[in-house]
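The following paragraphs offer a guided reading of a protein structure, intended to be followed with the coordinates in view. Please examine the sequence and the model before continuing.

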Amino acid sequence: MVNIILFGPPGSGKGTQSANLINKFGLIHLSTGDLLRSEIEAKTPLGLEAKKVMDQGILVPDEVVIGMISSKLDANPDARGFIFDGFPRTTAQAEALDKLLALKKTSISVVLALEVPEHELITRLLGRGATSGRPDDANEDVIRARIVEYHNKTAPVADHYAKYGKFKKIKGEGSVDEIFERLSKEIDSLVEEKV
């Protein structure tokens, strides 16, 4: 099983590249935002607990999110692997995820971090904001704050996985195809090791 965490600041192309990687490698997309929404819609015990917390404007506790991830892993026992999107965001979440995966007899294979200069991210997001209607992509100050937040929160997670030799920086500039090729090369080498 190949389990990948795809990192990247807002505007780095994570969404586009996740979709491409899922198609090429047959991985299952594990987005915590999507999981929360589907658990709430299905009115599962975890979903009801999450909704109660979210309705108070509080972040969903890590235990609830880990429980949802566990359910998703259990529901896909024959998966070739998972691509984690939006999780883990903190070292505590990374440690909890590592423990959960160890219980399932698997682990994170690699953390791939798309590296894009800040000026490029701002240009991309302002461009996206002009067409998407997303208010958080239309204001340069908000964009800068989101980038700072990303770096502050994810740097410790990167350090956590770097300790185990599982953190790789990927140049996130160039065409979509060029970036996809760089990511694929890293994953191809992991898939070969597993065979």
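Is Lys43 buried or exposed? The model under discussion is a predicted one, and in it Lys43 has a relative accessible area of 60%. Because that value is over the 50% cut-off, Lys43 counts as exposed. Lys43 is located in the loop between α2 and α3, the latter covering residues 45-55. Its backbone also merits attention: phi of Lys43 is near 55 degrees, a positive value in a residue other than glycine.

Lys105 may be read in the same manner. This lysine belongs to the loop between α5 and β4, and its phi is near 60 degrees, again positive in a residue other than glycine. With a relative accessible area of 77%, Lys105 is exposed.

From the loops one may turn to the packing of helices. Two packed helices are described by the angle between their axes and the distance between the axes. For helix α4 (residues 62-75) and helix α5 (residues 91-103), the axes come within 11 Å and cross at roughly 35 degrees. The crossing of α4 past α5 is right-handed. On the α4 side the contact is formed by Asp62, Ile66, Ile69, Ser70 and Leu73, which meet Ala92, Gln93, Ala96, Leu97, Leu100 and Leu101 of α5. By character, the residues of this contact divide into eight nonpolar, two polar and one charged.

Helix α5 also packs against α7, with the axes 8 Å apart and an angle of about 40 degrees between them. The two helices, α5 and α7, are therefore oblique to each other. From α5, the contact draws on Thr91, Ala94, Glu95, Leu97 and Asp98; from α7, on Pro156, Val157, His160 and Tyr161. Here the residues divide into five nonpolar, two polar and two charged. Leu97 of α5 appears in the contact with α4 and also in the contact with α7.

The next topic is the pairing of charges. Side chains of opposite charge can pair when their charged atoms come close. In this model the count comes to twelve salt bridges. One of them joins the side chains of Arg37 and Asp34, with an N to O distance of 2.8 Å. Why can these two residues be placed within a single helix at about one turn's separation? Arg37 and Asp34 are three residues apart in helix α2 (residues 32-41), and so they are separated by about one helical turn. Asp34 is partly exposed, its relative accessible area being 39%.

A second example lies in helix α7 (residues 140-162). There the side chains of Arg144 and Glu140 meet in a salt bridge of 2.8 Å, N to O. Because Arg144 and Glu140 are four residues apart in α7, about one helical turn separates them. Both partners are partly exposed: Arg144 has a relative accessible area of 34%, and Glu140 one of 33%.

Another salt bridge connects Lys168 with Glu186, whose closest N and O atoms are 3.5 Å apart. This pair links distant parts of the chain, for Lys168 is in strand β5 (residues 167-171) and Glu186 in helix α8 (residues 176-194), 18 residues apart. Lys168 is partly exposed at a relative accessible area of 34%, and Glu186 is partly exposed at 22%. Elsewhere, salt bridges that share partners join Arg128, Asp136, Asp137 and Arg146 into one network.

Glu186 leads on to a further set of contacts. Setting aside residues up to four places away in sequence, Glu186 touches Leu112, Lys168 and Ile170. The C-alpha atoms of Glu186 and Ile170 are separated by 9.1 Å, the two residues being 16 apart along the chain.

Where, finally, is the place of Leu112? Leu112 is in strand β4, which spans residues 110-115. Its relative accessible area is 0%, so Leu112 is buried. With residues up to four places away in sequence excluded, Leu112 touches Ile4, Ile5, Leu6, Phe7, Lys168, Ile170, Leu183, Glu186 and Ile187. Of these, Leu183 is 71 residues from Leu112 along the chain, yet their C-alpha atoms are separated by 7.5 Å. Lys168 and Glu186, the partners in the salt bridge described above, are thus both among the residues that Leu112 touches.

Note on methods: Residues are numbered from 1 along each chain as its sequence is written. This is a predicted model: local features need pLDDT of at least 70, side-chain atom pairs count only at pLDDT 80 or more; totals for chains, interfaces and linings use all residues. Side-chain values use heavy atoms; hydrogens and water are left out. Axes are lines fitted to C-alpha atoms, for helices over the stretch in contact, and angles run from 0 to 180 degrees between N-to-C directions. A crossing is left-handed if the near helix is turned anticlockwise from the far one by less than a right angle, and right-handed if clockwise. Contact means heavy atoms within 4.5 Å. Ala, Val, Leu, Ile, Met, Phe, Trp, Tyr, Cys and Pro count as nonpolar, Asp, Glu, Lys and Arg as charged, and the others, Gly among them, as polar. A salt bridge is a side-chain nitrogen of Lys or Arg within 4 Å of a carboxyl oxygen of Asp or Glu. Buried means under 20% relative accessible area, exposed over 50%, partly exposed in between (1.4 Å probe, protein chains only). Angles under 35 degrees count as roughly parallel, over 145 as roughly antiparallel, 65 to 115 as roughly perpendicular and the rest as oblique.
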